[in-house]
Amino acid sequence: FRRVLFRSITEAGGKCIVSDLNTQAMMKAHDEYDATFIGTRDIMGVECDVFLPCALGGILTPTSIQSLKCDIVCGLANNQLSHESASKWLMAKGITYVPDYVANAGGIMHASTDIKCMENSTFDRSSDAIEMHIMRTTKNILEISRRTNIGTNLVANDLAESIFNAH
């Protein structure tokens, strides 16, 4: 996934700033995508448009959130919030948070479409359809959060529970 992410960012004219304990991975990102690397202790304070935590969970704490200099947090690490109320701390700082399982939804959706395609050859398995669904869902979560002043993680949880309860 890292390559897809880096390619998407650089093709859109963005610059990648990475932090990883794996120096080989950072060197590869630099060589292939002209990524800049920074130490793991400093990454949270880097000025950027989007901060993408993609490894460790629980990193969004009251202290780390104060260090953030971004507009959006949208990463793939599981359980990024140290506490359920952390999304409210992000909101208070003017940072949009996309919950991890919303950002990660594509992987499970692709896996489920593989199963559906085995059962029904006419099932739409296109990546475009999956991306559009995730974008609509994300937009809905963000709009509800803004309108109600409820953290996006709580809105996403409520939405997921309503879908589960409907079936």
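**Exercise 1. Determine how strand β4 is joined to β5, and place both strands in their sheet.**

Step 1. Strand β4 covers residues 72-73 and runs parallel to β5, to which 2 bridges join it. Strands here are DSSP runs of E with at least two residues, and helices are runs of H or I with at least four residues, numbered from the N terminus. Two strands count as paired if DSSP finds at least two bridges between them.

Step 2. Within β5, tyrosine 97 is the residue opposite valine 73.

Step 3. The sheet is open, with 3 strands in the order β3-β4-β5 and parallel pairing. Its edge strands, β3 (50-51) and β5 (96-97), each pair on one side only.

The model is predicted: local features need pLDDT of at least 70 and side-chain atom pairs count only at pLDDT 80 or more, whereas totals for chains, interfaces and linings use all residues. Residues are numbered from 1 along each chain as its sequence is written, and side-chain values use heavy atoms, with hydrogens and water left out.

**Exercise 2. Describe the packing of helix α1 against helix α2.**

Step 1. Two packed helices are described by the angle between their axes and the distance between the axes. The axes are lines fitted to C-alpha atoms over the stretch in contact, and angles run from 0 to 180 degrees between N-to-C directions.

Step 2. For α1 (residues 2-11) and α2 (residues 23-33), the axes come within 11 Å and cross at roughly 35°.

Step 3. Helix α1 contributes Arg2, Arg3, Phe6, Arg7 and Thr10 to the contact, and α2 contributes Ala25, Lys28, Ala29, Glu32 and Tyr33; contact means heavy atoms within 4.5 Å.

**Exercise 3. Locate aspartate 34 and asparagine 149, and state their phi values.**

Step 1. Most residues other than glycine have a negative phi. Aspartate 34, not a glycine, has a positive phi of about 55°. Asparagine 149 also has a positive phi, near 60°.

Step 2. Aspartate 34 belongs to the loop between α2 and β2 (36-37). Asparagine 149 lies in the loop between α7 (127-148) and α8 (152-166).

Step 3. Aspartate 34 counts as partly exposed because its relative accessibility is 48%. Buried means under 20% relative accessible area, exposed over 50%, and partly exposed in between (1.4 Å probe, protein chains only).

**Exercise 4. Decide whether threonine 138 is buried or exposed, and list its contacts.**

Step 1. Threonine 138 is part of helix α7. With 16% relative accessibility, threonine 138 counts as buried.

Step 2. Leaving aside neighbours within four places in sequence, threonine 138 touches Val98 and Val102.
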